[in-house]
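Let's take a relaxed walk through this model. Have a look at the sequence and the structure first, then read on.

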Amino acid sequence: MASLFKKKTVDDIIKEQSKELRGTQRQITRDRAALEKQEKQMELEIKKMAKSGNKEACKILAKQLVQLRKQKNRTYAVSSKVTSMSTQTKVMNSQMKMAGAMSTSAK
C-alpha cells in the first residue's frame, strides 16, 4: 500500500514514457507492414482487372492505391516524430543528470 502514495521519480516517469513510445513505434511498424501487404494485393488486382479489360474497376483501384501510398508515407512521418520524441526525452534526462552532478560537484 505504501507504493500507492509514493511520488513517482523522474526516472520512473521517463521509463514509462519510453516504454509507451517503443510500443507506439512497434504498432506503427505493424501498420506499415499491413499497408505494404495490402498495396501488393491491390497491385495484383489492378493487373488482373486490366487483363480482363475492366477499365472502370482499374480506375477505382488505382485511386485506392494512391490513397494507400499516401497513408504509408504518413506512417513514415509519424514514425520519425515518435523517434524524435524518444531521443529528446533521453537527451533531457541526460542533461538533468549532468546538471545534478555539476551541482553536487560545485558544492
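## Starting with one methionine

At 45% relative accessibility, Met85 counts as partly exposed, a label for values between the buried limit (under 20% relative accessible area) and the exposed limit (over 50%), worked out with a 1.4 Å probe on protein chains only. You'll find Met85 in helix α3; helices here are DSSP runs of H or I with at least four residues, strands are runs of E with at least two, and both are numbered from the N terminus. Follow the chain from Met85 to Met98, 13 residues apart in sequence, and the C-alpha atoms turn out to be separated by 20 Å.

Before going further, a word on where this comes from: the model is predicted, with local features needing pLDDT of at least 70 and side-chain atom pairs counting only at pLDDT 80 or more, while totals for chains, interfaces and linings use all residues. Residues are numbered from 1 along each chain as its sequence is written, and side-chain values use heavy atoms, leaving out hydrogens and water.

## Two helices side by side

How do α2 and α3 run relative to each other? Helix α2 spans residues 10–52 and helix α3 spans residues 55–106; their axes come within 9 Å and cross at roughly 165°. Axes are lines fitted to C-alpha atoms, for helices over the stretch in contact, and the angles run from 0 to 180 degrees between N-to-C directions. The two helices are therefore roughly antiparallel to each other, the word for angles over 145 degrees (under 35 is roughly parallel, 65 to 115 roughly perpendicular, and the rest oblique).

What kinds of residues make up this contact? They divide into 20 nonpolar, 12 polar and nine charged. Nonpolar covers Ala, Val, Leu, Ile, Met, Phe, Trp, Tyr, Cys and Pro, charged covers Asp, Glu, Lys and Arg, and the others, Gly among them, are polar.

## More stops on α3

Is Asn93 buried or exposed? Asn93, in helix α3, counts as buried because its relative accessibility is 14%. Leaving aside neighbours within four places in sequence, Asn93 is in contact (heavy atoms within 4.5 Å) with Asp11 and Ile14.

Thr83 is also in helix α3 and is partly exposed, with a relative accessible area of 39%. Thr83 and Lys15 are 68 residues apart along the chain, and their C-alpha atoms are separated by 15 Å. Lys63, another residue of helix α3, counts as exposed at 62% relative accessibility. From Lys63 to Gly100 is 37 residues along the chain, with 56 Å between the C-alpha atoms.

## Over on α2

Glu45 sits in helix α2 and is partly exposed, at 36% relative accessible area. Between the C-alpha atoms of Glu45 and Ala106, 61 residues apart along the chain, there are 69 Å.

An unreviewed UniProt entry annotates residues 21–52 as "coiled-coil region". Over residues 21–52 the model is 100% helix and 0% strand, with the end C-alpha atoms 46 Å apart. UniProt positions are given in the numbering used here, feature names are shortened, and annotations may be inferred rather than shown by experiment.
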